Structure formats: C-alpha cells, structure tokens
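Me: I would like to go through this model by asking, term by term, what each label rests on. Please set the values against the definitions before you conclude anything.

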Number of protein chains: 2
Amino acid sequence: MAKKYCDIETLKFILNEVNNYTSLFELEHFADHDAESMETFFDSVKDFSDKELYPCFAEMDSPPAHYKDGKIIVHSQVGKVMKQGGEMGLINATFPYENNGLQMPLTAFTAAHYIMDAANNHLPGYLGLTMGATELIIHFASEELKETYVEKMGSGEWGGTMCLTEPQAGSSLSDIVTSATPTDDGHYKIKGQKIFISAGDHEYASNFVHLVLARIEGAPAGTKGISLFVVPKKRPEADGSLTPNDVITAGDFQKLGQKGYCTTHLMFGENDDCQGYLVGQPHKGLKYMFLMMNGARIGVGRGAAAIAAAAYEASLQYANERSQGRKLTNTGKKDVNAAQSLIIEHADVRRMLLMQKSVAEGSLHLVLKAAKLADVANFSSDEKERERNRLLLEILIPVVKTYPSEMGLQATSNGVQVLGGYGFCSEYILQQYFRDIRIFSIYEGTTGIQSLDLLGRKVVMNEGQALQLLAGEVMQTIQDASKYDELKPYGAKLGEKLQLVQKVLTKLGGFAMAGDFERYTSDATIFMEFFGHLVMSWLWLEMATVAKESLVKGDTAHSSDFYESKIHTMKYYFKYELAKTTSQAEVLMDEASLTIANGKKVFA
Amino acid sequence: MAKKYCDIETLKFILNEVNNYTSLFELEHFADHDAESMETFFDSVKDFSDKELYPCFAEMDSPPAHYKDGKIIVHSQVGKVMKQGGEMGLINATFPYENNGLQMPLTAFTAAHYIMDAANNHLPGYLGLTMGATELIIHFASEELKETYVEKMGSGEWGGTMCLTEPQAGSSLSDIVTSATPTDDGHYKIKGQKIFISAGDHEYASNFVHLVLARIEGAPAGTKGISLFVVPKKRPEADGSLTPNDVITAGDFQKLGQKGYCTTHLMFGENDDCQGYLVGQPHKGLKYMFLMMNGARIGVGRGAAAIAAAAYEASLQYANERSQGRKLTNTGKKDVNAAQSLIIEHADVRRMLLMQKSVAEGSLHLVLKAAKLADVANFSSDEKERERNRLLLEILIPVVKTYPSEMGLQATSNGVQVLGGYGFCSEYILQQYFRDIRIFSIYEGTTGIQSLDLLGRKVVMNEGQALQLLAGEVMQTIQDASKYDELKPYGAKLGEKLQLVQKVLTKLGGFAMAGDFERYTSDATIFMEFFGHLVMSWLWLEMATVAKESLVKGDTAHSSDFYESKIHTMKYYFKYELAKTTSQAEVLMDEASLTIANGKKVFA
C-alpha cells in the first residue's frame, strides 16, 4: 500500500480556489455552513478514511464479499462504516433539516465521499446507495413512508438499495417485468427478480429498504408504465417489530473488481407475501428515478476520479523510490558506471505520470463543478440562475459519468505500467485499482448510453441552449486566461477547438435533418471522447489560470511549485490529450457508414 | 465459455492467401514439408487445444499456480501438455534435424501456438520457454551441453527457463549481479537470485534447465560483462542419475492474470554448490540472448493477438445471443411494443466488435508476417534476400511485440463492454482475458523500451535502410490495391500517411542532430502508436486486396461474405484507427518539451 491515497491539498485547491465553492454558503439553504465548519468535516472524514477505510482496502479484495447459505457475507468493516459513517452524516448530510439532514451542499458531500472512495472504493457505496434510496423517499414518497423509513436509513441502521435491473432488462428498463398487484389494504404485492443489486444484503444492517421499479397490472408498455415502490426486506410493524417481507437473497455476482462491495440477486414475492408501497404516482417511477440520476452519475464520476487519483499516488511513490536504468548522456550513450536513475527521471515514465495526474485532477475538478452546478440549480433563489445551472449540469452530466471512468481506466493502466512487472503482481496495489475501476464505464448507464444521451438528447435540448451556455463558459475561461502571456496560446487553441465542435455538429446534424437518426448517433461514443477532451481542456485552462493568478499575486496558500505544477499539467493536457480531438473530429466528419446493421454479414 | 475461441478460417486465410507461407517450402531447409502435412499438423493442434487446453482455461485461473512448502503447485494439465505437446513437436518443431527437430518453419509453428494461446494462454508458455532455452543451447553451447540437454528438453521431459531479471535489475540488464566463479573443473559456481521466472518450477518435469545471465568475476561493467550459463536444477551425472544442484525455489509471484502460468523466484548457490556451464564465449551472454529475442517477441505478440481473438469470439457470440433495447425507427423514436433487438444490431456494439476484429485479425497478420520474415532471413539461399528480410524484421519487431499487446488490451476491454454488467462478472470469461492480456505490454521489454528500440535504434539502423525497405513494401501494397476502384482511395490515404512518417522523422531528427537525444526519444511511445497504426493499415489494405482479388476471380475457398467482411474491416480500420495518426503526428511535431526532468517539481 502506498503512503498516500489522495492529495488533500489539490482537493482543497480545486474546491476553494478553482470552484469557489464557499459562495454556496450565501444561499439560504446552506446558510448555517461555512468554510471553517466544512474544513473540520473534511478533516474528520480524512481521519476516518485513514483509520477505518484505507487499512482494509486490500483485504476486502480477498476473500471477496460472497453468498453463503442464503446470506451475503461481507467484511466486518462494513458494519463499522455504516454505523460511524451514519453518525458522521455521510448518508444524510445533504438532506433537509426536516428529514434529519444537515443541508450540506452536495459539493462538500462529494468532496467528502471522494476522500473515502480514494481510500477504499469498496466501502462508500454502502452509504451512498442508502443515501440515494432515502433521497427518493424524501422527494417523492408520502409522509407516512418518510416517517417510517427516513430516520433509520439516514442513520445507517437500515440499508437502502436501488432495484432496477432484471435478467432480461439491463440497460433497457422499458422491458422490466417485475409486477405490482394492488390489494385492498393499500399496498401492492410485488413479484419478480432483480439482479446486480449493489449493497443488496449483509448482516450489518438490521433491515434493508429496496426501491424497486415494477409494473402495475395493466400499465402501458415501455418506460411510461413503470412505477416505484418501497419494498422493505422486513416490514416495520406498528409496534416497532419487523416481519419478514418475502424478499429472498438468491445469490450474488462474483466480479473482476470492487470485490468487497457485494452485488446481489434478489427475489421478491416467491411466496406471494411481498408487500410494496407505491412511491408518488403510478407510472412515474422511471421519472422519479431519473430525477435522482444526476446525483448518481456524479457519484460514479467521483468514484472513478478517486480511484484514478489513488492509483496516481501509488505509482508516483513507486517512481520516486525505484531505481532502474540510466538517462542518456549528451553523447547519446549511457554511462554504465554511474548509479542507476530513479525511474521518475525517465521521460516515458514522466509522460505516464503526467497523464495520470491530468486525468485524475481534471476529473476531480469536473465532478466538483457538476456538484456545484447541482447545488445552485437546486437552491439558488434566482430562478434564471437555477435554470442556467440546471442546463449546464444536464449537458455536462454524461461527461461527468464517462470521462473519469473511461480515461481513469487508461490512467490506471498507465499506473500499472509505471511499475513494470510489479504492476502485474498482487503484492502491489495497482492491479486492484485497475480491476476496480473497470466497472465505472458500465455503472449507471454504459458509455454507449451516456454518449447517446449527450449527442441525442443534451446537445439538442432547449434548441441547443445548454451547449450555448457551455460555450459561453468556455469563452469566459479563454478570456480570463488570455490576460497572461503564458496561457494565451492555450486559450487560442481551445477557441479553435470550440469552433471545431460546431463544425462537427453541423456535419452530423445533416444526418438528423435527413431523417437518419441512427446515423446521427452511430458515432456518439467518438463524439463523447471528442467532447470530453474539450471539456477537460477547458477545466485545465481554468485551473491553470487560477494557479497563474495566484503566482502573480504572490499567494502563499500553496507553494509556487504547486501552482507551477498545475500550469505544467495543463500544458501536458493540451499537447498530449487535447490533440486527440483533431483525429476524433476527422472520424466524426467522415461520412462512411460502417457500423449500422444493413443486412451485410460484417462479422462473417 | 464461448463456443469458439479462434477463427481457424481466418487463420488459414492469413497464412495461405495473404502471407503465401507455402512459398517457404521452396527453401531447402523446409523442403520436407508441404501444405498438406501442415494442414494435418494444424488440425491435430486444434484438436489438442479443443480437448486439452480450452476446457481447463477458466479453472486454471482459480486456484492459481502457487508456492507451497518449497514447491510450485500448478494445474495437473501442465503435465499432460508438456508430455503430449512434446510428443507432437510443439517444443522442437523448428529445431534442425540434427537436434531432434522437424525443421518446420517458424511461421507454421507460430500458427500452431497461436491456436493454443487462444484456447488457453496459461499453458503454451510452459512449452515455449522450454523451446527458447533449448534454442539457446542449440545455437551457442558446446556439443557436450547439446548432447546432455537438447533431447530431454525438446521432448518436454525437462523444462527450460530464461533467468534474466533480478530484484534490482528489471529492464536494466546491465545491472545484474548474479556471479559466476570459475573452478578448476571447468564449470562455474553460480550465486544469485532471479525473479519473474516464468514456468520456473513445477512437479511435471523431472528436471529444469535454467539459462542464466551472470557476471564472471572481473568482467567489465554493464552489458558487455554478462555471460550465459546453463544451470540445471539437478545435475545429470554420467550414469544418468540426477544430483541436486543447489537451486532453490524461494517463492512465487501472485498476479493479476495468467494465474495458471507460474512465475517464480529462484535462488542459486545459497549453499555454494550450484554449478553452471558457460554457453559460448564469456561476456557474450546478452548478445546470445538478444539473438533469440526476436523469436521471443514474436511469441509475445502472438499470445496477445490470440487473447484478443478469443475475447472477440466470446463477445461476438454474446452480442449475437443477447437481446436488449430497440433500434431507433425512422421517426427517431423506439417502438416499445416491438421485440427487443439483438445487441449486435446496435451501432455502438458493432463499432466495438469491429474494433476487436480489426485489432485481433490485423495482429495475427502482423505476427505471421514477422515469423515468415524470420524464416526467410534465416534460411533463404539468397544472401540479399536474407538481409532484406532481416532488416524488415528488425524494424517491425518492436511493433510486433507492442501493437497486439497495447491495442489487444483496448480491444479486450471493448469485449468486456459489449457484455455490459456481465462483462465484469466472473461467470463470463471476458474479465479473465482482460486480466490475462494486461501483462503483454510488460513482457520481454515494456512498451516504453520497445518504443526506444523502434525510434532510437531501428528507424536509424543501416542509415534508415530498414525503414526504406518497409516503405517500399507499403508502396507495393498501395499499387496492388489501386487496381481496384473500391480500394484505391484507401491506398491514396495510406500513401499520404507514409509521407507523414517522413515529415515526423525529419522534425524529430532535428533534435538528434542538435545533440539532444533525450528529446529525440522522449515521445517514442507516441511514435510507436503512430507507426503501429500505419503498419496495421498497410496490413489491412494487403488483406483487403487479397480478399478483393478473390472476389473478382470468383474464388470459392471462402464465401463472398467472408471476403467482404475483410474489406469492410479494412474500411473500419482506416476510418476509426488510422485516423488517430493525424493527432499522433500533431503531438510528435509539437516542440514543447514537457516530460524531460529538468529540476522543475512537476509532480508537486
């Protein structure tokens, strides 16, 4: 295990100086918080992560969480984290006061969970799923359901889950068949199977509250006929006792990574005695679920960003300690009598580390920016401001989910490579990060689905207004950067790339105008890569500009090496990563249609 | 497990029709072989792989090969494969007749091992390492050593290994410290530790013969003072008995993948009784080792190509069986009442599968082309022809090692993604391929080292002659393709890219001319990516041209769908993969120097 799993100084720099998140405390909803109280909170989360999360990270990988005799066996630390995490507000911090919450900004909560994810990405999900399930109840369920469930879930006494996927319906939620039959008693009888249920069962919660998508008999086909139900593992009775509710844990899924985070298979109503309680209106279940989805997708981006950061720290430490080979001398030869160099002296190793750093820190900025957009969109008193932030969040959210997941995997693979043969060995932690992060491009809508959302929905939403707002933000950053000679050329480059986006969209738009929607979206994933690099370059230019300002002003909040390193990493990003957009645009502008099924036996 | 692990039809197409490998039988050395006898050989290898390798592939992953009580415990199938593989010629097929070999072309041997690698990449290494060690003895050792070792190794009765790496010397072989002390009896006393020794010990060989790099006392520093020794685990005595030779198996390395292929830690001479026998001349050890290295690197590329192919087959089968979601109709909406589509109907899934197919099949072509170059370079009667093929092999070999490894990982990751959540689950095989293939960019010289070899050595060797020869080959393919209107534009595109290589090298050459060798090579890995895509585009155009010729001629060796699919995959490659070279050239031509250590604290 490496000495360090995340760089708190960079986290605070991005939070405070780059995203200016303390401005949130000016909003009435967050008025009771301030920078100082948040610092104390972050310190306690870091301390908790140091003591309770990081030390058991490797051991949670083996033996993995597993199913045995009808039960899910998880690492005992799950119990500690549910209890202590609950007490610390790591489930309910963002909830309103009236729901036992602390009305903390999502931005601060995201920073706190980022620290935990970096320390041990197998554990925070137990808290996060419980939070998500409770939020659905808070936002959409009846007062009675809130009274019954919110407090016990918010404290971590009861666990919560999201039950969407079924064996025949993975990404395609319109095809779920779990049924809900109304009864005269007001509740519904639930029957069906759900798979891939994260944190779906274990011995360290006295009850589980499943938020289940199901179809009420006679409901319309497709997504418009899906309702949301609260389905407890044990029904709370009036006297406080718990009665089994015919929810059976049928098995689990053994996985490539995140092995300490259980993934279960649940069966509801096998004995015709599973009660579910409708949340909100019938047939609105998917709408409710998707109103919460932005938060979930920020959470996925956050987790991937955190793993990429932890992998970066581990490979950086190795590169600073391991000697191997020698640098070339000016004659182009090596002096074999000289001592070996640290591998961090080799250009190729530095390139890999800079790639890791740029992806990890850039992703963190992206995730925190998205969280702040959500906070303002939800709680600003200015309606126009709310709408502006909502639109910006909408267009960024598929990137927030995807960029850290996809590029984080590549960055973590570079981290493995920095260690050479040891990177492949179990005694070093890099291989675990490499396995763990692989799921993030699948969670909560695969990269393909996010890309369809970006190009098919978000780019065109409100007649392109979200995209226009984003372009305005990018232009503002270019203008800010252009005050500094060192940064001006990067601003100019980013401006060119912004025009390239328009050119690409005009080209693709031609397909849509001609009615060929399949062709319009067929290269959506390439568009996602293209757009993601552009967004990330914008964020890096913003970071570099803040760093440059601080250097010019002589700020001493951080060392000048720290600020310079952010500027250097921006330059890395522009040279090595933003450059990829040239080719991505070339692919997107290429009219050939090679991936659309047209009867040709392409895979013969 | 998927029904199919490799496409024999494509293998034979690439071998026979694209690489015209039967022309090798015109060389005297291979005169006893013919297409028919090779077909029989391939069929028997396929049958062997079907029955003995593929069925135990998943179970070799868990429990892994491991160290226990001084021994390495491997899956029992290792014994069967050593014995039966030895009998089938899967160790000694390429050896000369006088060394119990069959004088089979490396090209055919590579095809045979490719089938085995695709079936179970954990097993063929046991044969391959034994082959490599025996080859060193055949080429460079005394008659006495040959008589003692070659027969028993070639039959698989004794295992062979390569002992290069030491704890303090991974990629940097000049730093090895294992010592060899001459004795009056003619042998040397060996003392030292070796790590990462693949197939280094197990119960299914009655002896092991380690080929060990060590330094004779007083030898010059660096690579010029390293000698090669035969160091048996047990010394063969005159009466045929075996005496322990003070070689201790000290442990093993547990790994991310290839878990059935043991990786050991060996200690030589802990009790001062380890005898080693010098191979060839003193201080020439590294030279001998590197004369065999091209074969080893073809083997690595072959293994990665095979895993990428097996992963492709597994995800293709899933995509052809799994229904999920619906295609958009012409209105841009989905009809939720329609049956779900097979996921292979979705454009993004097809894009991922085409990427897998293009990388897997293109890599196979590259590997077989390299093997044929080696065969001609070694055995042509025409000296000029030998030199020409040698130079082509030299410039291609870093790509042969690297492209299948790096792009194969990306392709296999796409394979995981095709399965969605199931791709991450242990019950599906994709996650095992994903773990297994990760080592290939580290084996036998990491990607960084291959890239230095390509740009620092091979591009400039013989005053650029190897590169010129390669350019000539590419031009020939462009000319052949240009006979067909359908292919002509692709030839033109490839021609442009060839000019781009020259432009990039002229730019980089400026750094070398100015004496800045570190800057010349600092982006060598980006050059490798750039050059690799160009090479692969050439090979795909070659494949497409052969397919087109066959279609025009009305050949019925394969279906027209088969030929069309090769042309389609070429088009995919040009649109989606070759396009990347535009950006890679942009990076390479960018003068910024951001990865060279210059005292700045870039990682602050």
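Reply: Helices here are DSSP runs of H or I with at least four residues, and strands are runs of E with at least two, numbered from the N terminus. On that basis chain A of this predicted model holds 18 helices and 12 strands.

Me: What makes the radius of gyration of chain A agree with that of a compact globule?

Reply: The rule is 2.2 Å times the number of residues to the power 0.38, and for 604 residues it gives a value near 25 Å; chain A has 25 Å, which is why the two are said to agree. Taken along the principal axes, the C-alpha atoms of chain A fill a box of roughly 85 × 60 × 60 Å. Buried residues make up 59% of chain A, and among its contacts between residues at least 6 apart in sequence, 77% join residues at least 24 apart.

Me: How do you know that the span of helix α10 of chain A agrees with its number of residues?

Reply: The expected span is 1.5 Å times one less than the number of residues, so the 36 residues of α10(A), 383–418, should span 52 Å, and the end C-alpha atoms are 49 Å apart, which agrees. The helix α10(A) nevertheless bends by about 45 degrees at A:Leu396, and a proline, A:Pro398, follows within four residues. After α10(A) comes A:Gly420, whose phi is positive, near 60 degrees. For helix α8 of chain A, residues 293–321, the 29 residues reach 42 Å from the first C-alpha to the last, close to the 42 Å expected.

Me: Why is α10(A) called largely enclosed?

Reply: A residue is buried if 20 or more other C-beta atoms lie within 10 Å of its own; 29 of the 36 residues of α10(A) are buried, and therefore this helix is described as largely enclosed by the rest of the structure. The helix α8(A) is mostly covered, with 25 of its 29 residues buried.

Me: What makes up the side of chain A that touches chain B?

Reply: Contact requires C-beta atoms within 7 Å, and 79 residues of chain A are in contact with 79 residues of chain B. Several helices of chain A give two or more residues to this side, among them α9, α10, α12 and α16, while α17(A) contributes the largest share, nine residues. By residue class, the side of chain A that touches chain B divides into 29 nonpolar, 31 polar and 19 charged.

Me: Why is B:Ala58 called partly exposed?

Reply: Buried begins at 20 neighbours and exposed ends at 12; B:Ala58 has 16 C-beta neighbours inside 10 Å and therefore counts as partly exposed. B:Ala58 is placed in the loop between α2 and β1 of chain B, and, leaving aside neighbours within four places in sequence, is in contact with B:Met1, B:Ile429 and B:Gln432. From B:Ala58 to B:Tyr428 there are 370 residues in sequence and 9.5 Å in space, C-alpha to C-alpha.

Me: What makes B:Arg322 partly exposed?

Reply: B:Arg322 has 19 other C-beta atoms within 10 Å, whereas a buried residue needs 20 or more, so B:Arg322 is classed as partly exposed. The loop that holds B:Arg322 lies between α8 and α9 of chain B; B:Arg322 touches B:Leu342 and B:Ile343, not counting residues up to four places away in sequence.

Me: How do you know that strand β5 of chain B is paired with β4(B)?

Reply: Pairing asks for at least two bridges, and β4(B) and β5(B) have four, in the antiparallel sense; B:Lys191 in β5(B) is the bridge partner of B:Ser179. The strand β5(B) also pairs antiparallel with β11(B) over five bridges, and two bridges join β5(B) to β12(B), again antiparallel. Eight of the 11 residues of β5(B) are buried, so this strand is largely enclosed.

Me: What makes strand β3 of chain B mostly covered?

Reply: Six of its six residues are buried, with B:Trp158, B:Gly160 and B:Met162 on one side and B:Gly159, B:Thr161 and B:Cys163 on the other. The strand β3(B) pairs with β6(B) in the parallel sense over six bridges, and B:Thr161 stands opposite B:His210.

Methods
Residues numbered from 1 in each chain as written. Chains lettered and ligands numbered in written order. Predicted model: local features only at pLDDT ≥ 70, side-chain atom pairs only at ≥ 80, totals over all residues. Bend = angle between axes of the 7 residues up to and from the residue. Contact = placed C-beta atoms within 7 Å. Nonpolar A, V, L, I, M, F, W, Y, C, P; charged D, E, K, R; others polar.
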